[in-house]
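Hi everyone, thanks for coming. Please have a look at the model on the screen while I walk you through a few parts of it.

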Amino acid sequence: MSSTVPDLEALRALNPAQQPDYPDRAAVDAAVARLRTMPPLVFAGECDELKDKIAAVSRGESFMLMGGDCAETFAGVTADNVRNKLRVLLQMAVVLTYAASVPVVKVGRIAGQYAKPRSSDLETREGVTLPAYRGDAVNGFDFTAEARVPDPQRLVDVYNSSAATLNLVRAFVTGGYADLRQVHTWNTDFVRESSVGEQYELVAAEIDRALTFMQAIGADPDEFHRVDFHTCHEGLVLDYEHAMTRIDSRTGTPYDVSAHFVWIGERTRQLDGAHVELFRHIRNPIGVKLGPGTTADDALALAAKLNPDNEPGRLTFITRFGAGRIRDGLPDLVEKVTASGVEVAWVCDPMHGNTFEASSGYKTRRFDDVIDEIKGFFEVHRSLGTWPGGVHVELTGDDVTECVGGGEELLEVHLGERYESVCDPRLNRVQSLELAFLVADMLRNA
């Protein structure tokens, strides 16, 4: 892998998919030039640490929890919002670690998840057709001609919002909030009233007892007081990712310093495409989303191009088949990739293959479908003797009503009560915690 990164013009010449159609190229160049002067959001050494952790996932020694917003918004960068998302991930991680006795690699879909691929470039409402909303990184959510014009200045806003979010996350995870002795306080408000909240309290009480015992014998390791927490997002807008790619002073190799882990989406993983071309040069751990149309040959070709040295921890395949297709589609993929000796961590995205439109017009997902896809993922890996390495979930720390089902038995009629996502439906905090307990059971059996 060379230390030279293809320049932006070379990438643009490859006709990259899913890019904003900016009206003013000079304004784009100005925004990119501004971003190139900004300090890194993450450090190369942190990316290397995460790569080592993902290598352990690929060996079956730990489990990766990836979770966070479908699409972050600039308005959502508040202390409460960031803490709520972090809190649900910490709760899920504690359940998985304690109930399944396996180390959990925590990666937040946070501080950078501002751009979304869309199946259509245009959106029509009541006879009016405008460009689709592609996330706050590109244009505004309001359905007006003015809001929907792609604005490159928003890329600078992505950087600033990500920096503010990361600053908060780092303060929370090192400043005492992530201390294991806080495990009860994470279970406040509406979660405590639910049956899954009661189940969590039992785990928290057991952890308390274990901590008291450890203290009594004089053990108080640093790991009890802080957590390692990494960030990820889809590396979609090439102008931004390229501007945030820097040569590491230690090694002379390029890293995308916008996040520890970036992934290529299902719609942009063309082997000869611009995203694969950029990603094959950066040294971060990276992921590729694989949908039901992926063949084993596709996966092997992607691995050969993105991880030619077959470095453990470098590549993660994130499968998104849908509950109805995973048991048929995944075995051939996993079997052939494993047989070829490719080093890869397998992670299940149980969200994107299970979206449907409710009769009320809201996009939603059934909690049972989400769980069924994860079950199928575990079954396939168990039958092949391979390791189900993790889950990648769209979730929020709030009491929203976006996905139906779960212990709270949310129905389609409830969707309108608190539907706050600007793009895809997310699990709320109770559903996320419920998912963690169900996955912990599967892990124990794996």
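Let me start with a term: two strands pair if DSSP finds at least two bridges between them. The strands themselves (E, at least two residues) and the helices (H or I, at least four) are DSSP runs, numbered from the N terminus. Before we go on, this is a predicted model, where local features need pLDDT of at least 70, side-chain atom pairs count only at pLDDT 80 or more, and totals for chains, interfaces and linings use all residues. Residues are numbered from 1 along each chain as its sequence is written, and side-chain values use heavy atoms, with hydrogens and water left out.

Now to the strands. Strand S10 (residues 315-319) pairs with S11 in the parallel sense, over 4 bridges. Within that pairing, Ile318 stands opposite Val347 of S11. On its other pairing, strand S11 (residues 345-348) is joined to S14 by 2 bridges, and these two also run parallel. There, Cys348 stands opposite Val391 in S14. Strand S1 (residues 63-68) is joined to S14 too, by 5 bridges, again in parallel. One pair to find on the screen is Gly67 with its bridge partner in S14, Val393.

How many residues of strand S14 (residues 390-394) are buried? The count is 5 of its 5 residues. I should say what buried means: under 20% relative accessible area, with exposed being over 50% and partly exposed in between (1.4 Å probe, protein chains only). From S14, Gly390, His392 and Glu394 point one way, Val391 and Val393 point the other way, and all are buried. S11 has a similar story to tell: Ala345 and Val347 point one way, Trp346 and Cys348 the other, and all are buried.

Here is a pairing of another kind. Strand S3 (residues 122-125) and S4 pair in the antiparallel sense, over 4 bridges. Arg125 stands opposite Val128 in S4. The hairpin of S3 and S4 has 2 residues between the strands, and Glu126 takes a positive phi near 45° there.

Just along the chain is Asp136, in the loop between strand S4 (128-131) and H5. Is Asp136 buried or exposed? Asp136 counts as buried because its relative accessibility is 10%. Leaving aside neighbours within four places in sequence, Asp136 is in contact (heavy atoms within 4.5 Å) with Glu72, Thr73, Phe74, Tyr114 and Arg154.

Compare a residue in another loop. Gln270 sits between strand S8 (261-264) and helix H9 (274-279). At 36% relative accessibility, Gln270 counts as partly exposed. Its contacts, leaving aside neighbours within four places in sequence, are Ala17 and Val276. Gln270 and Pro20 are 250 residues apart in sequence, and their C-alpha atoms are 18 Å apart in space.

Next, the inside of the protein. A nonpolar core is a set of buried Ala, Val, Leu, Ile, Met, Phe, Trp, Tyr and Cys residues joined through side-chain atoms within 4.5 Å. The largest one has 114 residues, and those with the most contacts inside it include Tyr200, Tyr240, Phe317 and Leu443. Helix H4 (residues 79-100) gives the largest share of this core, 12 residues. Leu443 touches Phe63, Leu96, Ala100, Val102, Phe378 and Trp387, not counting residues up to four places away in sequence. A second, separate core has 13 residues, among them Cys232, Phe261, Trp263 and Ile318. You met Ile318 earlier, opposite Val347.

Last, the empty spaces. On a 1 Å grid over the protein atoms alone, a cavity is a set of points where a 1.4 Å probe fits but cannot get out, and lining residues have an atom within 4 Å of a point. Grid points are joined across faces, edges and corners, and a volume is the space filled by probe spheres set on the points.

How many cavities of 30 Å³ or more does the structure hold? There are 2. The largest cavity has a volume of about 60 Å³. Its lining includes Gly112, His233, Glu234 and Tyr240. Helix H5 (153-174), strand S5 (230-234) and helix H8 (238-243) each give two or more residues to that lining. The second largest cavity holds about 50 Å³ of space, and its lining includes Asp179, Arg181, Met214 and Phe224.

Thanks for listening!

Key:
1 Å grid on protein atoms, 1.4 Å probe; cavity = no way out; pocket = protein on both sides within 12 Å on 5 of 7 lines; lining within 4 Å.
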